[in-house]
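Good morning, and thank you for making time for this item. I would like to take you through one structure, beginning with its interior and ending with a few individual residues.

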Amino acid sequence: MEYPGGTPERLISSVDLLAKSGLSRATLNNYIRMGILPRPLVKRPDDDSSSRAKQMGYFPDSVMGTLEDVVRYKREGRRMEEIRMILARRPAALLGGIDDEGPAEEESTAESGGGPSDGGRESGGPVEPELTVEGGGRGGVCPDAPRLASFSVIAARLQNAAKACAALPPDEYFRLMRRLSTATAALFKKYFGVQGKHGAEELVFYFFKERDSSYLIHPLMAAMELRRLLKKISQEQKINLDIVDNLYMNIGIAHGEEFVGQMAETPTAEWLSQGGTVHAARLLARLARFGSAWATKDLLQRLDEQDRRRIRYGICRRGAHRDTLFENRFSRVMDLLPPDHPEYKNMMSIMALPVTEIQSLR
């Protein structure tokens, strides 16, 4: 293997790289996907290798310098996305790029190594490092290996979707739905959300702890931005489509620790969890009206104090003459709905769940 200028380049195996750097294998895979490190050259182990694997990944020895720069930038308080952009502006020779001579594959699990220094949790990473495996099917996804994960989830339902479907001609209705889909996908990607299984008029996005250290506050931030986004789209549609009603995306947010997995062997496959967290978020979205956002007490209490102070939340009590907001308070779902409410029966499974309404960000 040679540098672009023709100078021979020393190689280091992934096993040695993990041992010398103290990285976990999950973080190494994450750095490769982010473009911080080049994809390894996959070949038979060198004669002096103690590995029993039939194939092993090799990197340019210069990647050790890149990793030292990553550590330095992190100590300066830079996020991983900013670090990635800084390194991307470097000449290819400084990054130690090598030719891609085949798909990257890992050594056998028996030879896996890596130190405990980072646990694979890099803030701002674009993938779920502990939920994927290198070489596990197309796109590196391993759908047959569900994993216990901590996450937050947003479920959002388009209010009066059936009315809009009935009122609009097919081309205008599908144009509206495509506009919503494109805009919301970009929004949740901004906050490191990944798509869960959902329908045409409902959204589900996961925010994994392994992917993003801000996985608790980011769905709340996304919810407030989603409210502004729907207001903008609603104003556009009034002009273009003469829709009388505003568009609202009603939101439910919950936290869970459950087994998760992907539905297919593709990087864009929908995520699915085994448990009641998404179910609770979906029911809270049904409880919400006119673009309101409801979150569980469990999620709010997990925020650190600084982030929790950024959230204005509480329970609104309606009076004869005016409504009163009791800030920093929660309520059981059963105390929010009278028995004759149309959604009362649908909420039976979460009646005892303490929740609050997210008002705004400070």
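The largest nonpolar core of this predicted model contains 40 residues, and the members that touch the most others are L220, L226 and I358. Several elements each supply at least two residues of this core: the strands β4 (147–158), β6 (202–208), β7 (249–262), β9 (293–296) and β10 (311–318), together with the helices α7 (170–190), α8 (217–241) and α10 (297–302). Of these, α8 gives the most, with 10 residues.

Let us look at L220 in particular. Leaving out residues up to four places away in sequence, L220 touches I253, A295, L299, L303, I311 and I358. There is also a second, separate core, which comprises 20 residues, with Y31, M34, I36 and M80 among them.

For the chain as a whole, there are 11 helices and 13 strands. Of the 362 residues in the protein chain, 48% are buried. If we consider contacts with a separation of 6 or more, 70% of them join residues 24 or more positions apart.

I turn now to helix α2. Is this helix, residues 25–34, largely enclosed by the rest of the structure or largely open? It is largely enclosed, because 9 of its 10 residues are buried. The buried residues are R25, A26, T27, L28, N29, N30, Y31, I32 and M34. You will notice that this list includes R25, N29 and N30 as well as L28 and I32. The cover over the buried residues of α2 includes α1, β3 (56–60), α3 and α4 (80–88). After α2 comes G35, which has a positive phi, near 90 degrees.

Two of the helices just mentioned also pack against each other. The axes of α1 (residues 14–21) and α3 (residues 63–75) come within 11 Å and cross at roughly 35 degrees. The crossing of α1 past α3 is right-handed. On the α1 side the contact is made by L17, K20 and S21, and on the α3 side by V63, M64 and L67. Sorted by class, this contact consists of 4 nonpolar residues, 1 polar residue and 1 charged residue.

Next, a return to α8, and to a residue that deserves a closer view. H218 is found in that helix. Is H218 buried or exposed? With a relative accessible area of 9%, H218 falls under the 20% limit and therefore counts as buried. Apart from neighbours within four places in sequence, H218 is in contact with R79, Y191, F192, F207 and D212. One of these partners, F207, lies 11 residues away from H218 in sequence and 7.8 Å away in space, C-alpha to C-alpha.

K297 offers a second case, this time in helix α10. Its relative accessibility is 35%, so K297 counts as partly exposed. Setting aside residues up to four places away in sequence, K297 touches F330, P354 and V355. The C-alpha atoms of K297 and H255 are separated by 9.2 Å, and these two residues are 42 apart along the chain.

Let me also draw attention to the backbone at two positions. Where do we find a positive phi of about 55 degrees in a residue that is not a glycine? The residue is F290, in the loop between α9 (277–287) and β9. F290 is exposed, because its relative accessible area of 55% is over the 50% limit. N328 is not a glycine either, and has a positive phi of about 60 degrees. N328 sits in the loop between β11 (323–327) and β12 (331–332). At 38% relative accessibility, N328 counts as partly exposed.

Finally, a word on the cysteines. How many disulfides are counted in this model? The count comes to 0. As for the exposure of individual cysteines, C165 is partly exposed, at 37% relative accessibility. C316 is likewise partly exposed, with a relative accessible area of 26%.

To close, let me return to three points. The largest nonpolar core receives its greatest share from α8. Helix α2 is largely enclosed by the rest of the structure. The right-handed crossing of α1 past α3 rests on contacts from L17, K20 and S21 of α1 and V63, M64 and L67 of α3. Thank you for your attention.

Notes: Residues numbered from 1 in each chain as written. Predicted model: local features only at pLDDT ≥ 70, side-chain atom pairs only at ≥ 80, totals over all residues. Heavy atoms only, no water. Core = buried A, V, L, I, M, F, W, Y, C linked by side-chain atoms within 4.5 Å. Buried < 20%, exposed > 50% of the residue type's maximum accessible area, 1.4 Å probe, protein only. Helix = DSSP H or I, 4+ residues; strand = E, 2+ residues; numbered from the N terminus. Contact = heavy atoms within 4.5 Å. Axes fitted to C-alpha atoms, helices over the stretch in contact; angles between N-to-C directions. Left-handed = near helix turned anticlockwise from the far one by under 90°. Nonpolar A, V, L, I, M, F, W, Y, C, P; charged D, E, K, R; others polar. Disulfide = S-S within 2.5 Å.
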